[in-house]
Amino acid sequence: MVVVVGLIIAFVLVAIFARRGVRMCRWRMDRTRDRDGLQFFRCAACGAEVLVPPGKMPQDCRDPRRAGQG
Ligand SMILES: [Zn+2]
């Protein structure tokens, strides 16, 4: 019984961390800052900035403040 509870807790924790990985980023394209054939995106939610190949969207959040906040 304890093992089952442990598995459930582990599953919930994994689900929570998985959601954190795909935070509510709002990527906005900024064509004026495109560079080297890459498209510039800026996250309106956390301020992260990233360059991706044309036709692609940034997937992960690269919040520069994340390290400090945990
Ligand atoms: Zn973000």
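The questions and answers below go through one predicted model, from its sheet and core to its surface. Local features in it need pLDDT of at least 70 and side-chain atom pairs count only at pLDDT 80 or more, while totals for chains, interfaces and linings use all residues. Residues are numbered from 1 along each chain as its sequence is written, and side-chain values use heavy atoms, with hydrogens and water left out.

Q: In what order do the three strands of the open sheet lie?
A: Strands here are DSSP runs of E with at least two residues, and helices are runs of H or I with at least four, both numbered from the N terminus. Two strands pair if DSSP finds at least two bridges between them, and the pairing in this sheet is antiparallel. The edge strands, each pairing on one side only, are β1 (27-29) and β3, and the order is β1-β2-β3.

Q: Which residue in β3 is the bridge partner of phenylalanine 41?
A: The strands β2 and β3 pair in the antiparallel sense over four bridges. The partner of phenylalanine 41 in β3 is valine 50.

Q: Which strands each supply at least two residues of the largest nonpolar core?
A: A nonpolar core is a set of buried Ala, Val, Leu, Ile, Met, Phe, Trp, Tyr and Cys residues joined through side-chain atoms within 4.5 Å, where buried means under 20% relative accessible area, exposed over 50% and partly exposed in between, with a 1.4 Å probe and protein chains only. The largest one has eight residues: Trp27, Phe41, Cys43, Cys46, Ala48, Val50, Val52 and Cys61. The strands that each supply at least two of them are β2 (39-43) and β3 (49-52).

Q: Is valine 12 buried, partly exposed or exposed?
A: Valine 12 lies in helix α1 (residues 2-21). Because its relative accessibility is 41%, valine 12 counts as partly exposed.

Q: How far apart in space are arginine 26 and alanine 48, C-alpha to C-alpha?
A: Arginine 26 is found in the loop between α1 and β1, and it counts as exposed because its relative accessibility is 54%. Arginine 26 and alanine 48 are 22 residues apart in sequence, and their distance in space, C-alpha to C-alpha, is 9.8 Å.

Q: What is the phi of aspartate 36?
A: Aspartate 36 is found in the loop between β1 and β2, and at 70% relative accessibility it counts as exposed. Although aspartate 36 is not a glycine, its phi is positive, at about 55 degrees.
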